[in-house]
Amino acid sequence: MSHSHGPDGPAGAALNNITSQPSQQQLPGIAQPPPPVVLTPALLESLKVSKIFKDNTQAITSIHFDDTGSKCVTSAADESLHVYDCYTGKLEKTLFSKKYGVNLARFTHRSTSVVYASTKEDDTLRYLSLHDNKYIRYFRGHEKRVTSLEMSPQDDQFLAGSEDTVRLWDLRSPNCQGALSVMGQPVVAFDPSGLVFAVALGGILRLYDVKSFDQGPFVTAMIGESLGIPHTSIYATQIEFSSDGKLLLVTTGSDAHYIVDAYTPSNTMFKLVGHNTNTFGNEPFMSGSEACWTPDGKCIVSGSRDGDIYVWDISKAIADQAAGLVNGSASGGASNSANGAGSNGNLLQSNGELRPFKTLKAHGTPSHIVAFNPKYLMMVSGSTELAFWEPDPNAAVVDALHDFSKGGRY
């Protein structure tokens, strides 16, 4: 079965412009959104920490933005949910889920509600109204801890993966809409059209048609094999489609992330190296959100063990690869630091290894989780602290949202 999943529809379009268009009616006395900005490598290079929040006593486990980019929600191992206002750069609300625990908090298509996974008592998914801190609905069916959860970009359906099972749910019904039996720990992602979803199990990638996934995957591929890397050595901790649906980011907790051609998944295009993700003792350094796409689908940002944020220019690597502008030998691991030039130059190897073009200096603590605002030019990274990143106004001459640094660091 063939399937095209790179839509020309809303989710896959116009993300070269990171900010939303301002309202046509400019109301006097009311602050208007900033004009659209094209996300360039120079702007990415200028990102700096503008504010640090110390609202958690344990590690942040998930970060998610609402559809408008105005709200950010975090969950943490201290069983807390924090909602931040991205316009004002302030903590808006703190809620606790002490009885059930909380992980993988995801905004629905409304900024007033989230769905999240339990971490104790049972493995029920909980649909919570942030307005009055009351549960709207429970989703029961997972028998093991849910470790991957993603909303459909187009409707109220969402996917949840737990060991041995992937389930499709709908916010409007407590009943499971369908289930897949799998072997192992799955991670899941919708493509931008909402018509296709991907499931990665270790180093095996499968694509399904949402409307007929009970018939099995229409594509199965081994991640890394086209680069000569055994798929058995790869353990995916998260997968994410680019905004145009053409590429798929596969993050891992080890020393590499991977870029896969979503139209031809057997083609692993790049192995992203150069970031510091050493293990803590015998524990792998992973959160499930170690890296993410920029909203234009051109670059990858990744957290790291050393706390810095690393940036890879995927669109330039694709152009360089097509033009044959690659080094002939492997760089071998992640020993050299990324240079500060906004050009790939010799960063791409003939074996597909790609090094970051920029290292953004962070806040010192390991940045094990990172997320980019889908609408506005800001990024967040987390450990036990949460850092807001904005362009340096001195370097970029851009005020994407607001200068959160007014009033001090904390």
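**Sheets, cores and three buried polar residues**

C72 stands opposite Y84 in strand β4 of this predicted model, and this pair is a handy way into the first of the sheets described here. C72 belongs to the pairing between strand β3 (residues 71-76) and strand β4 (residues 80-85), which is antiparallel and runs over 5 bridges. Together with two further strands, β3 and β4 make up an open sheet of 4 strands in the order β2-β3-β4-β5, again with antiparallel pairing. At its edges stand β2 (60-65) and β5 (90-96), each of which pairs on one side only. On average, and with direction ignored, neighbouring strands of this sheet are turned by 20° against each other.

Further along the chain, another open sheet is formed by 4 strands, ordered β14-β15-β16-β17 and paired in the antiparallel sense. Here β14 (186-190) and β17 (219-222) are the edge strands; each has a single partner, so one side of each is left without a neighbour in the sheet. The average turn between neighbouring strands of this sheet is 20°, direction ignored.

It is worth walking across this sheet strand by strand. Starting from the β14 edge, 5 bridges join β14 to the antiparallel strand β15 (residues 196-201), and P186 faces L201 of β15. The next step, from β15 to β16, is antiparallel as well and is held by 6 bridges; within it, F197 has Y208 in β16 as its bridge partner. These two strands form a hairpin with 2 residues between them, and in the turn G202 adopts a positive phi of about 65°. The last step takes in β16 and β17, an antiparallel pair with 4 bridges, where I204 stands opposite M222 in β17. How far is strand β16 (residues 204-209) enclosed by the rest of the structure? Of its 6 residues, 5 are buried, so β16 is largely enclosed.

Attention now turns to the nonpolar interior. In soluble globular proteins, nonpolar side chains tend to be buried together. In this model, the largest nonpolar core has 35 residues, and those with the most contacts inside it are I259, I300, I314, F372 and M379. Strand β24 (residues 309-313) supplies the largest share of this core, with 4 residues. I300 gives a good view of the surroundings: leaving aside residues up to four places away in sequence, I300 touches L249, I259, L272, A291, C292, W293, Y310, V311, W312 and I314. A second core, separate from this one, has 21 residues, including I223, I229, V260 and V273.

I300 also falls in a stretch that carries a record annotation. The unreviewed UniProt entry assigns "repeat: WD" to residues 139-179 and 293-315. Over residues 293-315 the chain is 43% strand and 9% helix, and the C-alpha atoms at the two ends are 12 Å apart.

Three polar residues in strands complete the picture. S162 lies in strand β11 (residues 157-162). Is S162 buried or exposed? Its relative accessibility is 1%, under the 20% limit, so S162 counts as buried. Beyond residues up to four places away in sequence, S162 touches H142, K144, R145, V146, G184, Q185 and P186. Among these contacts, K144 sits 18 residues from S162 along the chain, yet their C-alpha atoms are separated by 5.8 Å. P186, another contact of S162, is the residue that stands opposite L201 in the sheet described above.

N103 lies in strand β6 (residues 103-107) and is buried, with a relative accessible area of 11%. Which residue does the side chain of N103 join through a polar contact? The partner is the side chain of T61, at 3.0 Å. The contacts of N103, not counting residues up to four places away in sequence, are T61, S62, S75, Y116, A117, T119 and R145. R145 is also listed among the contacts of S162.

S129, finally, is found in strand β8 (residues 125-129). With 13% relative accessibility, S129 counts as buried. A polar contact of 2.9 Å links its side chain to that of D132. S129 also touches T112, S113, K134 and I136, with residues up to four places away in sequence left out of this list.

Technical notes
Residues numbered from 1 in each chain as written. Predicted model: local features only at pLDDT ≥ 70, side-chain atom pairs only at ≥ 80, totals over all residues. Heavy atoms only, no water. Pairing = 2+ DSSP bridges. Axes fitted to C-alpha atoms, helices over the stretch in contact; angles between N-to-C directions. UniProt positions renumbered as here; feature names shortened; annotations may be inferred. Buried < 20%, exposed > 50% of the residue type's maximum accessible area, 1.4 Å probe, protein only. Core = buried A, V, L, I, M, F, W, Y, C linked by side-chain atoms within 4.5 Å. Contact = heavy atoms within 4.5 Å. Polar contact = N/O pair within 3.5 Å; in protein donor to acceptor, adjacent residues only side chain to side chain.
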